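Colleague: I should like to go through this model with you and ask, term by term, what justifies each description. Please show it first.

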Amino acid sequence: MLELIFMMIALSKIPGARGSAFPTAVSPMLLHSEKKPFNKEGWLYEPKLDGMRAIALVNNGKCKLISRNGRDITGTFLVIAEDLQQRKGQFVLDGEIVAAGKDGRPDFEALQARWLLSKPYQVDQAEKIAPASFYTFDLLYAKGLSLSSCKLVQRKSMLQSSIENSSRVKVIEGFEDGIALYEACHDQDLEGIVCKREASLYQEGLRSRDWIKIKFTQTNDFLVIGWKKDEGFIVSRTGDPSFKPVGVVQYGFTHKDYQTLLSILRPKDKDERREHLWFEPEVTVRVEFMRWTNAGKLRFPVFKSIIKS
């Protein structure tokens, strides 16, 4: 009991910490995107894992996991919740749920397959195939105190001292060299890095330039072979004689880009009322994307430019 009292006194002396009722929900702080890594004084850097953002609300033996859009995912990742609810006290964590693939690396497709599972036997089976872990990088509430107005370095320090690593819950460290971390994460085939200002406060639900994500991407050229209503242009590999679709490119276009493409593409099918239009494979576009999926599709493709027609 005395240990708990001493901890509460220590926490209350941290600038920005304030007494608060235990929250019932938290909207995660959002990030801006940039392309190139950097090193700046007053910043720290974390590996970006390819998973699902989640908030863990742990309240004296009970745990609730909430997705970025506010959905209760406790039942979907029950093993993580059971680990957290065994820990004493009240605390709120921000982090990433990651599923391990066959090689032990983060596997987003395996995680995606679990999102809508709720029946216990389905969850148990999915856990055997792709076990999930919670990687936490921020502490937002502890011992009756809201920490969102404390500096990030203070929250990280409290996180390290408050949460012990286990097989299902792990603390993500902050590093001082962003460029070196970027290169190491690239070598390990991770998603990228996150850059955070050490003095940043936790701005719930807001997108702030105090937190910046830098993802690894690939760029390649593809043939435009069709258009899907309400989604975008269908593309195939340039060297594939069968013109098999490998993705639908929806983002990155300006109005001028759309108009230019439509003016140079020659339709095979004249019926514009259909859900799909198919074009002669004559126009090549440059597309940026995260990676190839296991099914041979583009993940998060973004249009960059028209190459030739």
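Colleague: How many bridges join strand 2 to strand 11, and do the two run parallel or antiparallel?

Modeller: The model is a predicted one. In it, strand 2 and strand 11 run parallel and are joined by four bridges. At least two bridges are needed for two strands to pair, so these two count as paired. Within strand 11, Lys213 is the residue that Ser33 stands opposite.

Colleague: What makes strand 10 a partner of strand 11?

Modeller: Strand 10 (residues 192-197) shares five bridges with strand 11, and the two run antiparallel. The requirement is at least two bridges, so this pair also qualifies. Here Cys195 stands opposite Ile212 of strand 11.

Colleague: How many helices and strands does the protein chain have, and what part of its residues counts as buried?

Modeller: The secondary structure comes to seven helices and 18 strands. Of the 309 residues, 45% count as buried. Along the principal axes, the C-alpha atoms fill a box of roughly 80 × 50 × 35 Å.

Colleague: How many aromatic pairs are there, and why is the pair of Phe22 and Tyr141 called edge-to-face?

Modeller: The count comes to 14 aromatic pairs. For Phe22 and Tyr141, the ring centres are 5.4 Å apart and the planes stand at 90°. Centres must lie within 6.5 Å for rings to pair, and planes over 60 degrees apart count as edge-to-face, so both conditions are met. Phe22 belongs to the loop between strand 1 (18-19) and strand 2 (30-33), while Tyr141 belongs to strand 7 (residues 132-142), so the pair ties together parts 119 residues apart in sequence. Phe22 and Tyr141 are both buried.

Colleague: What makes Phe137 and Trp211 an edge-to-face pair?

Modeller: Their rings are 6.3 Å apart, centre to centre, with 80° between the planes. The distance is within 6.5 Å and the angle is over 60 degrees, so the pair is edge-to-face. Phe137 lies in strand 7 and Trp211 in strand 11 (residues 207-215), so parts that are 74 residues apart in sequence are tied together by this pair.

Colleague: How do you know whether Phe137 is buried or exposed, and what of Trp211?

Modeller: Buried means under 20% relative accessible area. Phe137 has 8% relative accessibility, so it counts as buried. Trp211 has 1%, so Trp211 counts as buried too.

Colleague: Which charged end sits over the ring of Trp211?

Modeller: That of Lys196, which is 3.9 Å from the ring centre. The charged end of Arg299 likewise sits over the ring of Phe108, 3.8 Å from its centre. The distance limit is 6 Å, so both values satisfy that part of the test.

Colleague: Which residues do ring pairs link into a cluster?

Modeller: The cluster consists of Phe233, Phe253, Tyr258 and Phe303.

Colleague: How much space lies in the largest pocket, and which residues are the closest to its centre?

Modeller: The largest pocket holds about 1,300 Å³ of space. It is lined by 48 residues, of which Lys48, Glu191, Lys213, Lys215 and Phe300 are the closest to its centre. By character, the lining divides into 23 nonpolar, seven polar and 18 charged residues.

Colleague: What is notable about the phi of Asn60, and why is this residue called exposed?

Modeller: Asn60 has a positive phi of about 50°, although it is not a glycine. Most residues other than glycine have a negative phi. Asn60 is found in the loop between strand 4 (52-59) and strand 5 (62-67). Its relative accessibility is 53%, and exposed means over 50%, so the term applies.

Colleague: Where is Asp230, and why does it count as exposed?

Modeller: Asp230 is in the loop between strand 12 (218-228) and strand 13 (232-237). At 66% relative accessibility, Asp230 is over the 50% limit, so it counts as exposed. Asp230 also has a positive phi, of about 65°, without being a glycine.

Colleague: Why is Arg266 called partly exposed?

Modeller: Arg266 has 47% relative accessibility, which lies between 20% and 50%, so it counts as partly exposed. Its place is the loop between helix 7 (255-264) and strand 15 (276-289). Gln259, in helix 7, has a relative accessible area of 42%, so Gln259 is partly exposed as well.

Definitions and conventions. Residues are numbered from 1 along each chain as its sequence is written. This is a predicted model: local features need pLDDT of at least 70, side-chain atom pairs count only at pLDDT 80 or more; totals for chains, interfaces and linings use all residues. Side-chain values use heavy atoms; hydrogens and water are left out. Rings of Phe, Tyr and Trp (its six-membered ring) pair if their centres lie within 6.5 Å; planes under 30 degrees apart count as stacked, over 60 as edge-to-face and the rest as tilted. Buried means under 20% relative accessible area, exposed over 50%, partly exposed in between (1.4 Å probe, protein chains only). A charge sits over a ring if NZ of Lys or CZ of Arg is within 6 Å of the ring centre and within 35 degrees of the ring normal. On a 1 Å grid over the protein atoms alone, a cavity is a set of points where a 1.4 Å probe fits but cannot get out, and a pocket is an open set with protein on both sides within 12 Å along at least five of seven lines; lining residues have an atom within 4 Å of a point. Grid points are joined across faces, edges and corners, and a volume is the space filled by probe spheres set on the points. Ala, Val, Leu, Ile, Met, Phe, Trp, Tyr, Cys and Pro count as nonpolar, Asp, Glu, Lys and Arg as charged, and the others, Gly among them, as polar.
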